Amino acid sequence: MIEPVLEFKRVSFDYKSEPLKDRVPILEDINFSVNDGEFISIIGPSGCGKSTIFRLITGLEEPGAGKIYRKGQQAIDRLGRVGYMPQQDLLMPWRTVFENAMLPLEIKGIKQNEAEEHVLKLLMDFGLKGSEKAYPGDLSGGMRQRLSFLRTILSGSNILLLDEPFSSLDAITRLTMQEWLLDQWQKLSKTILFITHDVDEALFLSDRIFVLSQKPNSLIKEVKVPLGRPRRVRDLGNLDVITLKEALIDELRPRTAT
Amino acid sequence: MKNLNSYYSSLLVFGFLLIWEAGARAYNKSFILPAPSEIALTLWELRSVLVLHHLPPTFLVIFIGLVLSILIGTGLAIWMNGNKVAEKTFYPIIIASQTIPIIALAPIFVLWFGYTIWSKVAVTVLITFFPITVSAFDGLRSSDKNLKELLLTMGASKKDLFFKLYVPSALPSFFSGLKVAVTLSVIGAAIGEWLGAQAGLGYFSRRMMTQFDGAAVFAPIVLLSAVGILLFLLVTWLEKTLLKWRKTG
Ligand SMILES: Nc1ncnc2c1ncn2[C@@H]1O[C@H](COP(=O)(O)OP(=O)(O)OP(=O)(O)O)[C@@H](O)[C@H]1O
Ligand SMILES: [Mg+2]
């Protein structure tokens with residue numbers, strides 16, 4: 001059997017910053033495993049703890065209970081191991097587009113020429129060519145998001161955590177970026193975890209979808225996407241997919257008391 | 001827009017000088033209130049002695065004082081930013097140090113350092129390190145916590161965090177403090193020289209006071225403020241070149 005690259009076993013978590021008495025567990029008894037080369041989407045209502053799962057994987061937070069495994073080993077020292085694209089774009093306002101993209105390569109200590117070449121090529125792919133000398137303050141929301149995405153790709157990690165990476169892109173650019181992502185994912189055999197609010201996006205991109213329910217008892221439900229690869233946008237019109245989509249949307253809708 | 005601004009302020013200064021000139025002529029006691037034209041004339045007459053003999057020692061005091069202040073101030077700020085105990089210990093002391101009437105304390109420096117350059121430097125440091133320390137410290141603290149976390153997820157070391165996040169975040173605030181400090185440094189040097197010196201613009205001005213030469217009291221002061229303005233412009237220029245990304249105006 002193939003070993004999962006990433007595994008959560010009975011992980012619970014709450015933010016310590018809250019005063020003890022009104023502390024609600026954000027995650028309780030979460031289990032899941034991600035195989036090498038898989039594309040996983042995570043969906044769930046706002047505030048249910050999706051971004052928190054990413055903070056746990058990156059090592060910014062430690063689980064209150066339970067364990068996180070990487071390649072079958074308990075992962076204690078997790079910082080610097082995965083490529084993380086946070087929900088806000090978090091660009092450095094004092095660095096140009098080019099310098100922002102260079103950041104992960106500088107930290108990894110990659111040689112200047114080599115790094116520059118790499119960055120320039122990707123800037124082209126991401127439609128940021130021509131603005132490499134601009135500062136983030138002069139970019140549109142969509143451009144900032146693409147730059148933040150580009151920076152994550154440049155981290156060179158095998159596991160990418162993308163927190164709503166395409167939320168401020170227009171439909172066409174978003175489709176281009178989705179196709180680019182699928183293309184890269186297949187070429188470079190990366191493992192991707194992808195948070196989104198868009199059920200269509202999740203269905204189009206992923207092998208499996210994790211559905212988180214509203215806290216306090218956020219449980220993960222797994223759904224396999226009944227589509228082969230390569231996919232095209234019109235595959236989303238399949239009957240199977242439409243039924244699944246409706247089921248997912250029902251799942252996400254807040255339960256009304258009956 | 002910028003040209004227009006300096007146009008208005010020049011106009012105001014010119015008007016003020018005009019009133020001063022008229023008032024001084026009417027009052028006609030030049031040892032108390034010399035007219036601007038007299039001061040300009042004296043400045044011109046004393047130009048070589050002021051610029052060649054008295055400006056260099058004063059400038060040296062300002063320069064050494066500022067360099068020491070920047071070293072001590074930023075060093076302290078970096079330390080306080082990295083160490084909670086250091087912050088709790090030094091921050092209140094730094095604030096309290098500003099309530100000390102420095103002019104009253106200045107004679108003690110003469111006792112400690114004698115009539116050497118160091119008594120003057122000490123006064124300069126004491127009044128300039130405060131804006132530098134506080135602004136550098138606030139700047140360091142203003143760095144974005146989320147950016148710090150992002151850098152950590154990229155595997156950044158302490159050194160990476162310092163140079164790639166803390167320093168750039170602190171620069172805008174540091175420069176604001178430095179602008180205040182360079183103008184104060186001129187005052188510090190002048191006060192230091194009043195205590196006793198063999199040369200310097202502050203010393204010269206005070207000596208002329210005892211000789212009832214009003215115009216010669218003001219002439220070195222004009223030169224001092226010119227030094228202050230030049231230093232201010234230098235810092236502004238540095239700020240503009242280093243912080244190109246900031247939207248101004
Ligand atoms: N640093 C923090 N300290 C305390 N509580 C936090 C912190 N970050 C998030 N929370 C809380 O944890 C809960 C889950 O937050 P999280 O950001 O993981 O939600 P999310 O599923 O990503 O939501 P969204 O879809 O809106 O991004 C929220 O109720 C939030 O208030
Ligand atoms: Mg989120």
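Select the two chains and look at where they meet: 25 residues of chain A are in contact with 19 residues of chain B, contact meaning heavy atoms within 4.5 Å. This is a predicted model, in which local features need pLDDT of at least 70, side-chain atom pairs count only at pLDDT 80 or more, and totals for chains, interfaces and linings use all residues; side-chain values use heavy atoms, with hydrogens and water left out. Residues are numbered from 1 along each chain as its sequence is written, while chains are lettered from A and ligands numbered from 1 in the order in which they are written.

**The interface**

The area buried between chain A and chain B is about 1,900 Å², and carbon and sulfur atoms give 70% of it. Buried area is the accessible area (1.4 Å probe) that two parts lose on being put together, summed over both. Now select Leu90(A), Trp94(A) and Ile107(A): they supply 35% of the area that chain A buries against chain B, more than any other three residues.

Next, select Arg55(A) and Glu149(B). Their side chains meet in a salt bridge, at 2.8 Å from N to O. A salt bridge is a side-chain nitrogen of Lys or Arg within 4 Å of a carboxyl oxygen of Asp or Glu. The rule finds two salt bridges across the interface of chain A and chain B. Add Glu61(A) and Lys145(B) to the selection, and you have a network of salt bridges that links them with Arg55(A) and Glu149(B).

**The nonpolar cores**

Select Phe8(A), Phe32(A), Ile53(A), Phe54(A), Leu193(A) and Leu151(B). These have the most contacts inside the largest nonpolar core, which has 87 residues. A nonpolar core is a set of buried Ala, Val, Leu, Ile, Met, Phe, Trp, Tyr and Cys residues joined through side-chain atoms within 4.5 Å. Buried means under 20% relative accessible area, exposed over 50%, and partly exposed in between (1.4 Å probe, protein chains only). Helix H8 of chain B (residues 158-194) gives this core its largest share, 13 residues. Helices (H or I, at least four residues) and strands (E, at least two) are DSSP runs, numbered from the N terminus.

Stay on Leu151(B). Leaving aside neighbours within four places in sequence, Leu151(B) is in contact with Met92(A), Leu103(A) and Ile107(A), and also with Ala156(B), Leu161(B) and Leu165(B). A second, separate core has 48 residues, including Met85(A), Leu147(A), Ile192(A) and Leu203(A).

**Inside chain A**

Which residues does Val241(A) contact, leaving aside its neighbours within four places in sequence? They are Leu203(A), Pro226(A), Leu227(A), Asp235(A) and Leu236(A). Val241(A) lies in helix H7 (residues 239-252) of chain A and counts as buried at 1% relative accessibility.

Move to Arg229(A) and Asp207(A), whose side chains meet in a salt bridge (2.7 Å, N to O). Arg229(A) is in the loop between strand S10 (220-224) and H7, and Asp207(A) in the loop between helix H6 (199-205) and strand S9 (208-212), so the pair ties together parts of chain A that are 22 residues apart in sequence. Arg229(A) is partly exposed at 28% relative accessibility, whereas Asp207(A) is buried at 18%.

**Inside chain B**

Select helix H9 (residues 201-210) of chain B, where Leu201(B), Gly202(B), Tyr203(B), Phe204(B), Ser205(B) and Met208(B) are buried. The buried residues of this helix pack against H3, H8 and helix H10 (214-242) of chain B. Just after H9(B), Phe212(B) takes a positive phi of about 55 degrees.

Thr58(B) lies in helix H3 (residues 47-82) and is buried at 1% relative accessibility. Among the contacts of Thr58(B), beyond neighbours within four places in sequence, are Leu201(B) and Gly202(B).

For a salt bridge within one helix, select Arg25(B) and Glu21(B), at 2.9 Å from N to O. Both lie in helix H1 (residues 2-27) of chain B, four residues apart, about one turn of the helix. Is Arg25(B) buried or exposed? Arg25(B) is exposed, at 58% relative accessibility, while Glu21(B) is buried at 16%.

**Confidence**

Finally, colour by pLDDT, the predictor's confidence in each residue, from 0 to 100. Chain A averages 88 and chain B averages 90. In chain B, helix H5 (residues 102-113) has the lowest mean among the elements, 82, and helix H7 (residues 145-153) the highest, 95.
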